[in-house]
Amino acid sequence: MTYQVATLRGDGIGPEIVDEAVKALRAAQEVVPGLDLEFTFLAAGADHYAAHAEVAPDSTWQALHEADAILMGSMGHPDIRMPDGTEVQGHFIVNVRKKLHLYAGVRPIKFYPGARGVNPAQKDVDLVLVRESTEGLFASFGGGAEIEDEVYSDTMIVTRRGTERVARYAFGLARARSGRPLDGARTVTCVDKANIFRSLAFFRKVFDEVAAEHGDIHSDHALVDSFSMLLMQHPERYDVLVTENMFGDILSDLAAALVGGLGLAPSGDIGDRHAMFQPAHGSAPDIAGQDRANPVATIVSARMMLDWLAQRHPDDAALPAAADLVERAVVETMEAGDRTVDLGGSLTCSGFGDAVAATVRRLGAGTAA
Ligand code: NAD
Ligand code: MN
């Protein structure tokens, strides 16, 4: 089967990193029999807004609805803003998540070879942060109160349905994983501020109800403020985390520091019918156009896309084979010492992407024979 991949290169380093992910997927197509991905490149983002006074053309929104999966780079430029003062990228990404019901922001954090994290003990890290992605503090995005250049508000919204579905997703994920590094216990930790905010006390209450449906998986809670410290000191205690939208946005960038930075932080925005895969980081204007971004987060996000397609199309053996190949190629490339400059290496973004694509072809040639 042919899968339509709606592809958004975006702004800043977005085009550079997406091109390397597409390169890896095309290399996989060469060596995995039956893997058939068709990339359609779509316009959206800050540069598009500057040129056309729209966040994205109607044709892009239409294509996103029709695609089998969405692959994205990163968007936004600090100097290109909407009339309300906000940046363009949120008006695309936040709305894609809402329109396509992409409620689970899945952000895996783990070590890749040769990367060092901020924790001096380099404790084992293998966790997934699940960020509720359709409500919370982002629910009133584009709305809220606005009074004559004097008063602005954004309101935290937590619903039962929104909390149940993201909590269920988190427990399902924990069941498929092998537990926290500390002792292998499958654990879902609800990260909230239930001691102060009634919306988040409700989030915790609904989480506990969902936890009760999953008696085989350990569940616990943490308050987001002290949790931020514990995460840095004892990352080995955590397996799957589930949290409100804004907390998840902040904590996932923080967690990336445990394993070597944002260039290694992939993500999937996942719903029941649609999903979008993009690195957890932004468009990095400070290094854009210099061919020095780390494309690992985007390549691994593309691998997550293959995994998600594989779950939806269990009869297509090419998808899991390609996912496995891309993941192994990233690991082996980094094991061989090939790294971008953010990790102390010397490769360019495209040079690293070439190395991954070559490894995909080499490993794939071995398995196809
Ligand atoms: P950022 O994630 O773009 O960059 C933070 C720091 O990490 C920068 O020093 C950057 O150089 C570095 N970095 C990020 N990705 C890297 C990579 N792949 N390789 C090497 N280094 C990398 O965050 P920011 O600077 O706060 O935001 C910049 C722009 O990105 C803003 O316009 C913001 O709105 C936008 N943004 C977009 C998204 C998205 O597209 N989903 C997410 C967050 C921020
Ligand atoms: Mn973010």
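**Ligand 1 and the mixed sheet of a predicted model**

By class, the shell around ligand 1 comprises 10 nonpolar, 10 polar and 2 charged residues; Ala, Val, Leu, Ile, Met, Phe, Trp, Tyr, Cys and Pro count as nonpolar, Asp, Glu, Lys and Arg as charged, and the others, Gly among them, as polar. This is a predicted model, in which local features need pLDDT of at least 70 and side-chain atom pairs count only at pLDDT 80 or more, while totals for chains, interfaces and linings use all residues. Residues are numbered from 1 along each chain as its sequence is written, chains are lettered from A and ligands numbered from 1 in the order in which they are written, and side-chain values use heavy atoms, with hydrogens and water left out.

**Ligand environment**

- Of the 22 residues around ligand 1, those that come nearest are Met75, Glu87, Gly282, Ala284 and Asp286 (a residue is near if one of its heavy atoms lies within 4 Å).
- Two side chains make polar contacts (pairs of N or O atoms within 3.5 Å) with a nitrogen atom of ligand 1: a polar atom of Gln278 lies 3.1 Å away, and an N or O atom of His281 is at 3.1 Å from a nitrogen atom of the ligand.
- An oxygen atom of ligand 1 is 2.8 Å from a backbone N or O atom of Ala284.
- On its own, ligand 1 has 810 Å² of accessible area (Shrake-Rupley method, 1.4 Å probe), and the protein covers 72% of this area.
- Strand E3 (69-74) and helix H4 (88-99) are the elements that give two or more residues to the shell; helices (H or I, at least four residues) and strands (E, at least two) are DSSP runs numbered from the N terminus.

**Loop between E12 and H9**

- Ala284 lies in this loop and has a positive phi of about 40°, although it is not a glycine.
- Asp291 belongs to the loop between E12 and H9, and its phi is near 55°, a positive value in a residue other than glycine.

**Sheet and packing helices**

- An open sheet of mixed pairing contains 10 strands in the order E2-E1-E3-E12-E11-E4-E5-E10-E8-E9 (strands pair if DSSP finds at least two bridges between them).
- Strand E2 (37-42) and strand E9 (218-223) stand at the edges with a single partner strand each, so one side of each is left without a neighbour in the sheet.
- Strand E1 (residues 3-10) runs parallel to E3, joined by 5 bridges, and Ala6 stands opposite Ile70 in E3.
- Helix H9 (residues 296-312) packs on the sheet, touching E1, E2, E3, E4, E11 and strand E12 (275-279) (contact means heavy atoms within 4.5 Å).

Terms used
A polar contact is a pair of N or O atoms within 3.5 Å; within protein, one must be able to donate a hydrogen and the other to accept it, and residues adjacent in sequence count only if both atoms are side-chain atoms. Axes are lines fitted to C-alpha atoms, for helices over the stretch in contact, and angles run from 0 to 180 degrees between N-to-C directions.
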